[in-house]
Amino acid sequence: MRTTTLGSTGPAVSALGLGLMGMSDLYGPADRDESVATIHAALDAGVTLLDTGDFYGMGDNEMLLRDALRDRNRDDVVISVKFGGLRAPDGAWLGFDTRPAAVKNFAAYSLRRLGTDHIDVYRPSRLDPAVPIEETVGAIAELVQAGYVRHIGLSEVGADTLRRAAAVHAISDLQIEYSLLSRGIEAGILPTARELGIAVTAYGVLSRGLLSGHWRPDRELAAGDFRATSPRFQDGNLERNLALVDALRGIADEKGATVAQVAIAWVAAQGSDVVPLVGARTRERLAESLGADDLVLGDADLARIEQTVPAGAAAGNRYADYAYAHLDSER
């Protein structure tokens, strides 16, 4: 697999990363053995960037990753961890906490659950409106100085927050949703990141499955699958979004690829500083996603994709209204 670096100061990583959230949370039940096998298959294929969060399954996702890496060389992988999300015992969201003391507390628990002595990239999952970003980044910087963290990342923040954070400490990358159906970063956030030498690790590259090419309009969602409340999956919006997928399928067929591969390759084609995170939960879906690394999209292909799925074409917001209170990137 091709490799790149996370920004001007970050680590070397594979050109595609693996996001682990769905193996523990938010997309309904997952098979643990298959999840571990999928992580192993990703590593064997050359994937080195593994993304998790301490609140994914309330710590379960980190322990899953620990188990998957038990017989692997820790130095061969780059572990990215998001922190700060607060959950109730029933899984309900309670807000975010990025106070300096909380930062260090969260890191201590993550290190123990992961079974490692350092986290490669550590990032607050959202901006905490009660805590200046300078204080949060300053606390992570102290963890860097102590050797517990190697690099500092951010997630879902806007251009101004990026600048303020980078003034405190070098930022390796911004993790943010970016796909053919979610292109809000292109106007201001992406240019600012590039100006500052900050990479983008793009999650949601298949728009939560809409761009997978496998979604059916009559699909029944399992209990706990947050897409049941996602506007893009609601009646009316879903049909319009799947019509875009059908149009994209024509391009994929001509390229001898799948819709998912075209969607992932489109994100990767936006620049070497953009690293797509694929959220495959099975080896079958992983193999399909990794095929995007071999798919070359020329200027004519990109222009045709742009015409087929132009910016702003998606029907419905990417989150329900309540979630936007903590999305600094949307302000």
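**Exercise 1.** What percentage of the 331 residues of the protein chain count as buried?

*Solution.* The structure is a predicted model, in which local features need pLDDT of at least 70, side-chain atom pairs count only at pLDDT 80 or more, and totals for chains, interfaces and linings use all residues. Residues are numbered from 1 along each chain as its sequence is written, and side-chain values use heavy atoms, with hydrogens and water left out. Buried means under 20% relative accessible area (1.4 Å probe, protein chains only). By that cut-off, 58% of the 331 residues are buried.

**Exercise 2.** State how many helices and strands the protein chain has, and judge its compactness.

*Solution.* Count DSSP runs: helices are H or I runs of at least four residues, and strands are E runs of at least two. The protein chain has 10 helices and 12 strands. Next, take the radius of gyration over C-alpha atoms and compare it with the globule rule, 2.2 Å times the number of residues to the power 0.38. The radius is 19 Å, close to the 20 Å that the rule gives for 331 residues, so the chain is as compact as a globular protein of that length.

**Exercise 3.** Describe the largest nonpolar core and the contacts of Leu-50.

*Solution.* A nonpolar core is a set of buried Ala, Val, Leu, Ile, Met, Phe, Trp, Tyr and Cys residues joined through side-chain atoms within 4.5 Å. The largest has 85 residues, and Leu-50 is among those with the most contacts inside it. Helix α8 (residues 259–268) gives the most to this core, with eight residues. Contact means heavy atoms within 4.5 Å. Leaving aside neighbours within four places in sequence, Leu-50 touches residues including Leu-18, Ile-39, Leu-65 and Val-78.

Definitions and conventions: Buried < 20%, exposed > 50% of the residue type's maximum accessible area, 1.4 Å probe, protein only.
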